[in-house]
Amino acid sequence: MKEVAGSDATWMGGLTVAALTVSGATAILFARRHSAHASLIAGAAALIIDVCMIFSSVALSLPLALLLGSVVAGLGFGAGFLGALRSVVPLAAPQERASLMAAFYIESYLANAVPAMAAGYLAQQIGLVETADIFGLFILSLSILAIVLGNLRRDGSGAAKTPETPRAECGRVCKGP
C-alpha cells in the first residue's frame with residue numbers, strides 16, 4: 001500500500017489488512033449455506049479476480065483498487081478455507097477429527113508462513129513489486145488449477161464424486177478413503 005499510495009500513512013496498510021480479515025470472516029458466514037465444492041470454486045474464482053485487481057492497482061497506482069483487492073482476497077480466502085475444511089472433515093471418523101484438525105491447522109499455518117517468509121527474503125533481493133508479481137502469478141496459477149481439478153471431480157449430474165461410505169458415517173474406523 002505504501003508503494004501504491006505513495007504515502008507513509010501506516011493506517012492505510014492497517015486498513016488493507018483489516019479489509020482482508022473482515023471480508024474473510026464475512027465470506028465464511030455466507031459460505032456456510034453452500035456446499036464445500038461451491039465454496040472452493042467461489043474462493044478460487046475470487047482469488048483470480050483479486051490477483052487481477054492487485055496487478056492493475058499496482059500498475060496504475062490506484063490505492064482504492066488495492067484496498068478493494070484486499071476485500072476480494074479475503075472473500076476468496078474465507079470461502080476457500082471453509083470449503084477445504086468442509087471437504088475433509090466428513091471423511092474422518094469422530095475419533096479421528098481432533099488429529100485431522102490439528103494437521104489441517106498446522107498445514108494451514110505453514111501454507112501461510114513459509115510463502116510469507118520466502119516473499120520477505122525475495123523482496124529484499126529483487127524488490128517488493130517484483131516479488132508481488134511472482135507470488136500473484138503463482139496464486140493465479142494455483143487458483144485456475146483448483147477450478148479445473150475441482151470440476152474434473154464432478155460426475156455428469158454436477159454432483160461431486162464422493163466415497164460410497166464416508167468415514168464419519170461408519171461408526172467405526174472404515175477401510176478406504
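In which helix is the place of Ala132? Before selecting that residue, please note that the model on the screen is a predicted one.

**The whole chain**

Begin with the entire protein chain in a cartoon display. The secondary structure consists of 7 helices and 0 strands. Read from the N terminus, the order of the elements is α-α-α-α-α-α-α. The chain has 177 residues, of which 27% are buried. Now consider the contacts between residues with a separation of 6 or more: 68% of these join residues 24 or more positions apart. Switch to a surface display next. The protein chain exposes about 10,900 Å², and 70% of this area is supplied by carbon and sulfur atoms.

**Helix H6**

Select residues 128–152, which form helix H6. This helix has 25 residues, and the distance from its first C-alpha to its last is 36 Å, close to the 36 Å expected at 1.5 Å a residue.

Within H6, colour Thr131, Gly136, Leu140, Ser143, Ile147 and Gly150, which are buried. Then show residues 97–126, which are helix H5. The buried residues of H6 pack against H3 and H5.

The opening question can now be settled: Ala132 has its place in helix H6. Ala132 has a relative accessibility of 39%, and therefore counts as partly exposed. Draw a distance from the C-alpha atom of Ala132 to that of Val58; the viewer should give 9.5 Å, although the two residues are 74 residues apart along the chain.

Move along to Ile144, which is also placed in helix H6. Is Ile144 buried or partly exposed? Its relative accessibility is 43%, so Ile144 counts as partly exposed. A second distance may be drawn here, from Ile144 to Leu47. These residues are 97 residues apart along the chain, and their C-alpha atoms are separated by 9.2 Å.

**The cavity**

Rolling a probe the size of a water molecule over the atoms shows where empty space is left. In this structure there is 1 cavity of 30 Å³ or more. The space in the largest cavity is about 30 Å³.

Which residues line the largest cavity? Select Ile54, Phe55, Val58, Ala132 and Asp133 to display the lining. Ala132 and Val58, joined by the earlier distance, are both among these residues.

Helix H3 (36–60) and helix H6 (128–152) each supply at least two residues of this lining. The largest share, 3 residues, comes from H3. Colouring by class shows 4 nonpolar residues, no polar residues and 1 charged residue in the lining.

**The loop after H3**

Follow the chain to Ser61, which has its place in the loop between H3 and H4. Inspect the backbone at this position: Ser61 is not a glycine, yet it has a positive phi of about 55 degrees. With a relative accessible area of 43%, Ser61 is partly exposed.

**Helix H4**

Continue to residues 63–88, which form helix H4, and select Ser70 in this helix. Why does Ser70 count as buried? Residues under 20% relative accessible area are buried, and Ser70 counts as buried because its relative accessibility is 8%. Next, display the surroundings of Ser70. Leaving out residues up to four places away in sequence, Ser70 touches Thr16, Ala19, Leu20, Ser23 and Asp50.

Then select Val71, which lies in helix H4 as well. Val71 counts as partly exposed, at 28% relative accessibility. Beyond its neighbours within four places in sequence, Val71 is in contact with Ala19 and Ser23. Ala19 and Ser23 also appear among the residues that Ser70 touches. Draw the C-alpha to C-alpha distance between Val71 and Ser23: the two are 5.5 Å apart in space and 48 residues apart in sequence.

**Helix H5**

For the last stop, select Ser108 in helix H5. Its relative accessibility is 10%, and therefore Ser108 counts as buried. How far apart in space are Ser108 and Phe81, C-alpha to C-alpha? The distance is 8.9 Å, while the two residues are 27 residues apart in sequence.

How values were computed
Residues numbered from 1 in each chain as written. Predicted model: local features only at pLDDT ≥ 70, side-chain atom pairs only at ≥ 80, totals over all residues. Heavy atoms only, no water. Helix = DSSP H or I, 4+ residues; strand = E, 2+ residues; numbered from the N terminus. Buried < 20%, exposed > 50% of the residue type's maximum accessible area, 1.4 Å probe, protein only. Contact = heavy atoms within 4.5 Å. 1 Å grid on protein atoms, 1.4 Å probe; cavity = no way out; pocket = protein on both sides within 12 Å on 5 of 7 lines; lining within 4 Å. Points joined across faces, edges and corners; volume = space filled by probe spheres on them. Nonpolar A, V, L, I, M, F, W, Y, C, P; charged D, E, K, R; others polar. Areas by Shrake-Rupley, 256 points an atom, 1.4 Å probe, with all protein chains shown as cover. Expected span 1.5 Å × (residues − 1).
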